[in-house]
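This report walks through one protein chain and the ligands modelled with it. Keep the structure open while reading, and find each residue as it is named.

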Amino acid sequence: MMIDGTSEPRIGVFVCHCGHNIAGTVDVVNVAEMASILPYVVYSTDHMFVCSDNGQQLIKDKIKEYGLNRIVVASCSPRMHEPTFRRVVEEAGLNRYVFEQVNLREHVSWCHMHEKKLATEKAADLVRMAVARASELVSLPVKTVSVTPRTLIVGGGIAGMTAALDIANRGFEVVLVERRGNLGGHLINWTHIYPTGESGADIIEPLEERIRYNPNIAVHTNSVVVDFEGYIGNFVARVRNNLDDSEIVYDIGTVIVATGFEVFKPFGYYGYGESPNVITLAELQELEPKPKLLRPSDGKRVRTMLFISCVGSREPGKYGHEHCSRHCCFAISKAASDLRESMDEVIVVYRSLRTYGKHHEAIHRLARARHVIYSRYLAEMPPVVEVDANKEIVVKWRDILANEELSFRPDLLVLASAMIAPHDINRTGKIFGLSPSADGFFSPEHIKLAPLTTHAAGIMIAGTSQAAKTGAESAIDASGAAAKAVALMARGQVEIESTVPQINSELCSGCRTCVVACPYSAISMEERKGNQIAVVTDAKCHGCGTCAGACPSNAISMLHSTDEQILAMVSAFLNPSLVNRRGYI
Ligand SMILES: Cc1cc2nc3c(=O)[nH]c(=O)nc-3n(C[C@H](O)[C@H](O)[C@H](O)COP(=O)(O)OP(=O)(O)OC[C@H]3O[C@@H](n4cnc5c(N)ncnc54)[C@H](O)[C@@H]3O)c2cc1C
Ligand code: SF4
Ligand code: SF4
Ligand code: SF4
């Protein structure tokens with residue numbers, strides 16, 4: 001049923017308890033009663049879980065019974081259940097855009113749980129405003145765009161390789177772009193992989209062979225994406241080979257960015273750079289493996305080693321270094337236990353030990369069983385490293401469990417340095433419209449609800465491009481991102497939002513302010529009857545409204561956030577008299 005501005009509103013309101021989540025703070029019964037007397041409300045109720053099957057059926061039944069044509073659900077965040085309730089109203093024959101959700105959980109009960117009366121008043125305000133807005137809602141078309149059945153994967157580490165195989169094996173084409181001369185990313189460098197003990201090459205080489213012989217995968221090594229434009233389902237990417245400058249242009253439907261991480265070079269920490277015998281855990285992998293581990297300074301056999309953990313990780317307030325790097329506790333334990341037999345002494349000076357994950361605790365136990373010594377330092381009192389004129393190293397620290405000052409002269413000092421975002425992540429971000437979060441890695445659409453998708457529709461992130469992770473976690477991510485890409489391509493088309501700007505060409509002066517203001521490059525200029533006017537590519541638009549606010553000619557109105565809808569909410573907020581007169585709140 002299409003609802004336009006002339007349809008008399010018949011509004012249904014459903015106020016959710018969310019078990020105790022909302023009802024423990026907000027008097028939901030009272031709020032539902034208040035809503036029942038608001039203009040155009042013909043049905044209002046409270047319900048224990050509106051999102052349950054039973055709650056969904058109730059909405060459908062009441063739409064039919066009361067001829068409802070606008071629905072308000074006052075419950076949790078729309079991020080969580082807006083798609084659920086939009087589907088419910090559609091199944092009952094209404095357009096998805098005549099549904100309005102109020103967030104009583106995150107915006108009221110969870111943040112005001114010690115102020116129950118005021119929280120109930122705020123809930124009543126929000127529901128009253130939502131009802132006012134709902135009375136102005138109209139149906140909007142549900143639009144779709146086609147999806148080209150080809151995925152661009154940027155980065156050929158374990159994440160990019162896993163995603164490529166997953167997608168290709170489901171019958172879709174993949175363009176895999178890796179800037180180095182070989183696939184495998186960092187993992188191929190590691191000689192002793194936890195938890196299994198094989199080398200990185202043992203894992204990567206079979207994958208690489210399957211990729212090279214897969215007819216659905218075009219591999220471009222020594223290559224980068226130099227141009228990228230378009231919108232979900234319809235991107236165009238220009239791939240340049242850095243060796244011969246040749247270029248290939250591809251039509252692309254979906255994208256997975258798997259550009260990985262960089263190992264932090266910890267200059268300024270623990271004597272790094274002052275002695276060749278102070279190296280990172282990554283550099284340890286490049287030395288000759290046991291039993292012939294030799295000192296970089298003089299080639300003598302290494303007999304004593306000391307590892308320091310959390311180097312450049314977990315530093316509050318330091319951009320790009322606040323996070324735990326999530327691999328080093330295991331990697332230290334693995335290296336220490338592997339090398340212990342050929343050493344006189346191996347000491348791990350750690351800040352915390354985080355051996356979460358399958359089989360990882362066993363590596364730590366093995367290291368202890370092999371008499372690797374673990375000694376804990378306090379973040380506020382990190383170890384002090386002195387390097388003398390002969391490049392000999394002395395490490396001094398306070399063991400906080402024994403409450404003792406200790407010192408040790410290792411032949412080799414190994415720093416477990418942080419996994420940080422690649423130095424050119426902003427450049428990559430600019431090409432694909434992605435932005436970094438506080439840890440420096442790419443920001444997902446939602447850290448909990450949508451960790452693999454981004455705010456750029458059709459572009460996924462996988463592996464350590466999203467955060468510090470282990471190899472296994474990166475591969476799991478990659479399969480998830482691949483599944484998202486396949487789901488989009490298998491449908492062949494994708495729905496796009498109708499909550500976009502409408503530009504009044506009569507009022508548009510062609511000033512380009514909106515073109516510059518739009519953070520998603522969704523507006524361009526077109527010539528019409530000799531005049532330049534602004535045109536929106538709906539599939540690129542995120543409905544943020546920036547352009548509407550910026551337009552000096554008032555030529556832009558936002559569908560689903562029209563002036564009438566917003567002013568109705570403001571008016572309802574400022575005029576609660578109707579509710580007060582009935583004395584509910
Ligand atoms: C010292 C150390 C030891 C480790 N040991 C283990 C271990 O034993 N077991 C384990 O499970 N994990 C281990 N890890 C973690 C593991 O290395 C990572 O989880 C894994 O490499 C992440 O894979 P990835 O594909 O996300 O990223 P990466 O391995 O970083 O691969 C990313 C790829 O993208 C390419 N790239 C980057 N930017 C671009 C661009 N703009 N265009 C094209 N290509 C680009 C890079 O060249 C690279 O090949 C260790 C990490 C370190 C630092
Ligand atoms: S994994 Fe361990 S060593 Fe690495 S940053 Fe986290 S706590 Fe520190
Ligand atoms: S609403 Fe936002 S994303 Fe859409 S065109 Fe305007 S500024 Fe761009
Ligand atoms: S800002 Fe307004 S007047 Fe200027 S180009 Fe955009 S729509 Fe036209």
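The text below covers the domains, two groups of strands, three ligand shells and a few single residues.

## Domains

The model is predicted. The domain assignment divides the chain into domain 1 (11-140 + 564-582), domain 2 (150-261 + 421-494), domain 3 (263-418) and domain 4 (501-559). Domains 1 and 2 are each given as two segments of the chain, while domains 3 and 4 are each given as one. Taken over C-alpha atoms, the centres of domain 1 and domain 3 are 56 Å apart.

## A four-stranded sheet

How are the four strands of the open sheet ordered? The order is S2-S1-S3-S4, and the pairing is parallel. Strand S2 (41-47) and strand S4 (99-103) are the edge strands, since each of them pairs on one side only. From one strand to the next, the twist averages 15°.

Two of the pairings can be followed residue by residue. Strand S1 (residues 11-16) runs parallel to S2, and six bridges join them. Phe 14 has Thr 45 in S2 as its bridge partner. Together with helix H1 (residues 28-36), S1 and S2 make up a β-α-β unit, which is right-handed. Strand S3 (residues 70-75) pairs with S4 over five bridges, again in the parallel sense. Here Ile 71 has Phe 99 in S4 as its bridge partner.

Phe 14 can also be used as a reference point for His 107, a residue of helix H4 (residues 105-109). The two residues are 93 residues apart in sequence, and their C-alpha atoms are 17 Å apart in space. Is His 107 buried or exposed? His 107 has 16 other C-beta atoms within 10 Å, so it falls in between and counts as partly exposed.

## Strand S15 and its two partners

Strand S15 comprises residues 304-311. Seven of its eight residues are buried, which means that S15 is largely enclosed by the rest of the structure.

S15 is joined by five bridges to strand S16 (residues 345-350), and the two run parallel. Between S15 and S16 the chain passes through helix H9 (residues 328-340), and this β-α-β crossover is right-handed. S15 also pairs with strand S21 (residues 412-417), over five bridges and in the parallel sense.

Leu 306 shows both pairings. It stands opposite Ile 347 in S16, and it also stands opposite Leu 413 in S21.

## Residues around the ligands

Ligand 2 is surrounded by 13 residues, of which Cys 310, Ser 313, Cys 324, Cys 328 and Cys 329 come nearest. S15 and H9 are the elements that give two or more residues to this shell. The strand and helix described above therefore reappear here, as S15 is the largely enclosed strand.

Around ligand 3 there are 15 residues, and the nearest are Cys 518, Cys 541, Cys 544, Thr 546 and Cys 547. For ligand 4 the shell has 14 residues, and the closest are Cys 508, Cys 511, Thr 513, Cys 514 and Cys 551.

The table gives the make-up of each shell by residue class.

| Shell | Nonpolar | Polar | Charged |
|---|---|---|---|
| Ligand 2 | five residues | four residues | four residues |
| Ligand 3 | eleven residues | four residues | no residues |
| Ligand 4 | nine residues | four residues | one residue |

The shell around ligand 3 thus holds no charged residues, whereas the shell around ligand 2 holds four.

## Two residues with positive phi

Most residues other than glycine have a negative phi, and most peptide bonds are trans. Two loop residues can be set beside that general statement.

Tyr 270 is in the loop between strand S13 (262-263) and strand S14 (278-280). Its phi is near 45°, a positive value in a residue other than glycine. Tyr 270 counts as buried because it has 22 C-beta neighbours inside 10 Å.

Ser 521 is in the loop between helix H13 (513-517) and strand S26 (523-528). The phi of Ser 521 is near 50°, which is also positive in a residue other than glycine. What is the exposure of Ser 521? Ser 521 has 14 other C-beta atoms within 10 Å, so it counts as partly exposed.

Terms used
Residues numbered from 1 in each chain as written. Chains lettered and ligands numbered in written order. Predicted model: local features only at pLDDT ≥ 70, side-chain atom pairs only at ≥ 80, totals over all residues. Near = placed C-beta within 6 Å. Nonpolar A, V, L, I, M, F, W, Y, C, P; charged D, E, K, R; others polar. Buried ≥ 20, exposed ≤ 12 C-beta atoms within 10 Å, placed from the backbone. Pairing = 2+ DSSP bridges. Right-handed = clockwise from strand over helix to strand, strands pointing away. Domains from an automatic or database assignment. Axes fitted to C-alpha atoms, helices over the stretch in contact; angles between N-to-C directions.
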